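Here are a few exercises to try on a new structure. Have a go at each task before you read the worked solution.

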Amino acid sequence: MSIPQPGSPTPAEASRLAAQVLDQVERAVVGKRTALVMVLAGVLAGGHVLIEDLPGLGKTLAARSFAQTLGLRFARAQFTPDLLPADLTGSFVYDQRTAEFDFRPGPLFTGLLLADEINRTPPKTQSALLEAMQEGQVTVEGQTFPLEAPFHVLATANPVEYEGTYPLPEAQLDRFLMRVSFGYPTRDQEWDVLRRRLDRRQEAQVLEPVTDAAGLLGMQAAIETVTVEESVGRYCVALASATREHPHVQMGSSLRGALALMLTARSYAVIGGRDYVVPEDVKAVAPSVLGHRISVKPELWMSDVDGSTVVRSVLSQVETPGAREGGAGFERPRG
């Protein structure tokens, strides 16, 4: 197990901060606690999250709310067909006073970037974002500029109106740690949104910061101290491997998927108040972590079969650790 760095929070302290962050965000995004937990788990695991849902269900609001409560610098890039890579990375501008070219950083130089409607921009611009997500840097005219940590991308995608869009290739989808959907609210939740708008008498919803960039890095360091038993790690491997053998699948989860499953399960465990991972943590995050890494066979495209249904099928088939131990369930290792 990793040794906490001096001054970094313990998993228990990180869990308390995570609960405060979620409580704050829920003031703006009503009734979506489960989806918000998934987004926060992805951020605490150090990854990027794709929020794919219909228009008007709070995707942009959630990203802005997380930036406010986590105390991160926030930038929004509206992805359009005419967006150029330099519009994201920045470019060199000639300064007449000094007779030199100065680099003007683009919106990628921030703490949390909202990549709005990421599937509406051409692959060349998507690749510029891919370098930032994977390498934590951008390259402009042969010069490399590192991005300051923490750096996270919350991208949104609209699953309808595909005309004029550029679907993300599997290689780029695989770079997103998770894919999350919010779904429609219930009638009571929808009325709660309207009631809160009436009560505050203004459109803007301002949330109080719970931590800052340094605090988020400390929480992420605490995640690295979470215990993962070998049986749970092998369970992650078994789930990812089973997606490759499923009869409906053309391409299953990569090795990166198994790693993402373990990393996200750790942050989910901390949000749940534990410093160790149980199989239920893995099951909870599996649909969001593995679903977008699976391609079903072309003959099933017009059916109800997709990555999420394959993951649910795999979860029901792969044996859960602890089931062989007389049904006692998984217990935290001692010592």
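**Exercise 1.** Which residue in β7 does Q137 stand opposite?

*Solution.* Before we start, a word on the ground rules: this is a predicted model, where local features need pLDDT of at least 70 and side-chain atom pairs count only at pLDDT 80 or more, while totals for chains, interfaces and linings use all residues. Residues are numbered from 1 along each chain as its sequence is written, and side-chain values use heavy atoms, with hydrogens and water left out.

Step 1: find the two strands, β6 (residues 137-140) and β7 (residues 143-146). Helices (H or I, at least four residues) and strands (E, at least two) are DSSP runs, numbered from the N terminus.

Step 2: check the pairing. β6 and β7 pair in the antiparallel sense over four bridges; to pair, two strands need at least two bridges found by DSSP.

Step 3: read off the partner, and you get P146.

Step 4: look at the turn. β6 and β7 make a hairpin with two residues between them, and E141 in that turn has a positive phi of about 50°.

**Exercise 2.** Work out the strand order of the open sheet and say which helix packs on it.

*Solution.* Step 1: the five strands run in the order β2-β5-β8-β1-β9, with parallel pairing. At the edges sit β2 (74-78) and β9 (178-180), each pairing on one side only.

Step 2: neighbouring strands in this sheet are turned by 20° against each other on average, direction ignored. For angles like this, axes are lines fitted to C-alpha atoms (for helices over the stretch in contact), and angles run from 0 to 180 degrees between N-to-C directions.

Step 3: zoom in on one pair. β5 (residues 112-116) and β8 (residues 152-157) share four bridges in the parallel sense, and A115 has A155 in β8 as its bridge partner.

Step 4: the helix you want is α3, which touches β1 (49-52), β2, β5 and β8, and its direction makes about 170° with that of β5. Touching here is contact, meaning heavy atoms within 4.5 Å.

**Exercise 3.** Describe how α2 and α3 cross, and what lies between them.

*Solution.* Step 1: the axes of α2 (residues 33-44) and α3 (residues 59-70) come within 12 Å and cross at roughly 55°.

Step 2: α2 and α3 are therefore oblique to each other. The cut-offs are under 35 degrees for roughly parallel, over 145 for roughly antiparallel, 65 to 115 for roughly perpendicular, and oblique for the rest.

Step 3: list who meets whom. From α2 come L36, V39, L40 and V43, and they meet A62, F66 and L70 in α3. By class, that gives seven nonpolar, no polar and no charged residues. Ala, Val, Leu, Ile, Met, Phe, Trp, Tyr, Cys and Pro count as nonpolar, Asp, Glu, Lys and Arg as charged, and the others, Gly among them, as polar.

**Exercise 4.** Is R266 buried or exposed? Then do R27 too.

*Solution.* Step 1: R266 lies in α10 (residues 255-271). R266 has 9% relative accessibility, so it counts as buried. Buried means under 20% relative accessible area, exposed over 50%, and partly exposed in between (1.4 Å probe, protein chains only).

Step 2: leaving aside neighbours within four places in sequence, R266 is in contact with I223, E224, V226, V228 and V277.

Step 3: R27 sits in α1 (residues 11-28) and is partly exposed, at 37%. With the neighbours within four places in sequence left aside, R27 contacts R196, Q205, V206, L207 and E208.
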